[in-house]
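Trainee: I would like to go through this model term by term and ask what stands behind each label.
Mentor: Go ahead.

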Amino acid sequence: MEEDLSNTKEMSGKILDTIAQKKHAAMIERLSNLHQSRLQQSISRKSDSNGPSPFESTKSFLDRFSEAKRSIQNELDRCRQVSDPDSKARLKSELEKISVSISDLERLVSENSYYLPSYEVRSSLKTISELKESLDNVNSEVLPKKKFAFKNKATKKDQTSVAQGPDVRVSDKVVAEKSNFQIRESPGFRNREGGILVKHFKSSEEGDFTLSDLNSCEVRLTGVLRALFIHRLRNCRVFVGPVLGSILIEEVDRCLFMLASHQIRIHHARETDFYLRVRSRPIIEDSSSVRFAPYLLFYEGIEKDLNDSILDGETGNWANVDDFRWLRAIQSPNWSILPDDERVSTVNISNSETPSQSEEI
Amino acid sequence: MGLLSIIRKIKRKEKEMRILMVGLDNSGKTTIVLRINGEDTSVISPTLGFNIKTIKYEKYTLNIWDVGGQRTIRSYWRNYFEQTDGLVWVVDSSDVRRLDDCKMELDNLLKEERLSGASLLILANKQDIQGALTPNEIAKVLNLGAMDKTRHWKIVGCSAYTGEGLLEGFNWLVQDIASRIYVLD
Ligand SMILES: Nc1nc2c(ncn2[C@@H]2O[C@H](COP(=O)(O)OP(=O)(O)O)[C@@H](O)[C@H]2O)c(=O)[nH]1
Ligand SMILES: [Mg+2]
C-alpha cells in the first residue's frame, strides 16, 4: 500500500498544482475513512457468518436473509396456532418482537444494498413486505379487539404503526433556532372567523395559496392554482377549483372540503367530509371519522379550468384512500365512503351566487 | 487490505453511487427521481416506504433511494444511511410554514455520523410556483452558512415540473462524489 501511495504522490507532484494536491490529500483521507468504516463493518459481520468475504458476498447475504426469513415465518405460524390462555397473554409482546425482527431484516437489506445486485434488493424488499403483511394478518386474527374498540377522541395517536422501527427518534428536544431573517408569507386567508372568503385566480397567476386558522368560514376559490396549503380549520366549508400540483391538509375538524388536485395528503383530520377528484391516491395519516365522496363543484368556467389542469374526467380515486397509519389488508376504521343519501348535491359557487357580505381579496 | 484493494473493489462495481433522496413529504422527491429518469410524472401517489431507481448517468450507475417523508416514517430514514455517497435534501420552496420543520429534520440528519462523508445537494424545488422562496432565501432560513466546513454541499433552485435546475444539481453531485471516490483511476 505504501508503495502505491508514494507512486501516486510522485505522479501527482508532477502534474498537479498545490491546490489539487491538497484536494487529493483530503480525498485520500476521506477515502481511507470510508474504507475504514466499511472494513469495521465487515469485521463486525464476520463473526456471525462464515463465507470467505462475507462483507461483499451476495451469497452470504442471501443465506442470512433466508435464515432470518424462515425464523420469522416460523414465529408467525406459531403465533397463529396458539390456543392456551397462558401463551395467548404473551402474544402481543411476541408479535411486537416479530415486528422488530422484520425491521432488522429490512435494515440488513438497506445496509447491504450498495453491493447487492438490484434484482436481489428488489426481491428481498418484496419478501419483507410480504412478511409485514402476514404479520398484520396474524395481528388482526389473534388480536382483533382493537378493530372493534370504541375510539375515544382524546386517545393519543401513539399506537405503534407497523412502519415504525423500534428506535423512534426523539426529535422534539431539538429546538429550531429562529433566524432573524424575515420570511414573507404566501398569499392566503388566515385567522378569520365566521366569514365568506372568496378569491378568483387568474390564469396568469399560477401561484400557491394558504388557508390557515379559520373558524366557521365558507371559502370559495375559483380558477386554477398550483398548490394549496390548509392548516387548522374548524367548522368550515371549503370549495376549491382545480389545483395543478398538490394539496396538503393538516389539522382540520368538522369541515367539508370540495377539492380537485393531482395529489392530496390529509394529516390529523377528524369528522370531516371530502368531496374529491384526484389523479393519484389520496392519503390520510393520523385521521379519524373522515368520509369521502366524488367532487361536485360547479362555477362558470370550471370545465375549462379542469381541462387545463388535466382534471377533467372522473378518476375514481376519491374512493382509493390509503391510510398510512393502517398498513393492513383490511379496511381502515379511520375512513369510509360517504353514503349516497348523506351527500350534498352539486354546489354552485358562480359569481352571481356570491352573497353581498362576502369578503374578497 | 490496503487502500488500493478497496479502490479496485470500487472499480469492479462499475462506478456505482448510492444516493439518498430525503426531505419532508410533498417536497417533490418522487417527481424529481421520475423526471431525471425520463418517466411519466403525471400520476404520482405519495410514497409509503421507499422506491429504488437505478439510473445511468454518464459513466456512472446511480442507485437512487427515494424514501417517504411523512412524519410517521421519518424515524425510519436511518435504515438507509449505510454507505450513502450522496444526499439530496429536497425542499418545497413554496411551503413556508413547514420550513422550521424542514430545518430541524435536516439538522438532525446532518448529525448522523454515517452520513458525514456524503456530499449534500439541496434542491430548492417548485421554483415554477409564483412566490416560491429563492434558493438564497432557503439557504438563509436553513442557515446553510453555518454548515460543518468539511461538508461538500451546494444548493440549487429547481422545478421538477419544468426540469429546470435538475441537471445542474445532479451534475454537481455526481462530479463531487466522483472526485472523492474515483480520482485514482
Ligand atoms: N408546482 C410544482 N409542483 C411540484 C413540483 N415537484 C413536485 N410537485 C408536486 O408536489 C407534489 C408532491 O410531489 P412528490 O414527488 O409526491 O413528493 P414527495 O413526497 O417528496 O415524494 C405532487 O403533487 C407533485 O406534482 C414542482 O417542481 N413544481
Ligand atoms: Mg414520494
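Mentor: Start with a nitrogen atom of ligand 1, which is 2.7 Å from an N or O atom in the side chain of Asp128(B). This is a predicted model, in which local features need pLDDT of at least 70, side-chain atom pairs count only at pLDDT 80 or more, and totals for chains, interfaces and linings use all residues. Residues are numbered from 1 along each chain as its sequence is written, chains are lettered from A and ligands numbered from 1 in the order in which they are written, and side-chain values use heavy atoms, with hydrogens and water left out.

Trainee: What makes the pair of ligand 1 and Asp128(B) a polar contact?
Mentor: A polar contact is a pair of N or O atoms within 3.5 Å; within protein, one must be able to donate a hydrogen and the other to accept it, and residues adjacent in sequence count only if both atoms are side-chain atoms. At 2.7 Å, the pair with Asp128(B) therefore qualifies. An oxygen atom of ligand 1 is also 2.9 Å from a side-chain N or O atom of Gln263(A), and an oxygen atom of the ligand is 3.1 Å from one in the side chain of Asn125(B).

Trainee: How much of the accessible area of ligand 1 does the protein cover?
Mentor: The protein covers 97% of the 580 Å² that ligand 1 has on its own. Accessible areas come from the Shrake-Rupley method with a 1.4 Å probe; for residues, only the protein chains shown count as cover.

Trainee: Which residues surround ligand 1?
Mentor: The ligand lies between chains A and B and has 21 residues around it, the closest being Lys29(B), Thr31(B), Asp128(B), Ala160(B) and Tyr161(B). A residue is near a molecule or strand if one of its heavy atoms lies within 4 Å of it. The largest share of the shell, 3 residues, comes from α2(B).

Trainee: What makes α4 of chain A agree with its expected length?
Mentor: The expected span is 1.5 Å times one less than the number of residues. For the 28 residues of α4 (residues 85–112) that should be 40 Å, and the end C-alpha atoms are 41 Å apart, which agrees. The helix nevertheless has a kink of about 45 degrees, centred on Leu91(A); the bend at a residue is the angle between axes fitted to the seven residues ending there and the seven starting there. Helices (H or I, at least four residues) and strands (E, at least two) are DSSP runs, numbered from the N terminus.

Trainee: Why is Asp286(A) called buried?
Mentor: Buried means under 20% relative accessible area, exposed over 50%, and partly exposed in between (1.4 Å probe, protein chains only). Asp286(A) has 15%, so it is buried. Asp286(A) sits in the loop between β8 (283–285) and β9 (288–294) of chain A.

Trainee: What is notable about the phi of Asp286(A)?
Mentor: Its phi is positive, about 50 degrees, although Asp286(A) is not a glycine. Most residues other than glycine have a negative phi. Arg254(A), in the loop between β6 and β7 of chain A, also has a positive phi, near 50 degrees.

Trainee: Why is Arg254(A) called partly exposed?
Mentor: Its relative accessible area of 36% falls between the two cut-offs, so Arg254(A) is partly exposed.

Trainee: How do you know that Ser159(B) is buried?
Mentor: Ser159(B) has 0% relative accessibility and therefore counts as buried. A polar atom of its side chain lies 3.1 Å from the backbone nitrogen of Thr162(B).
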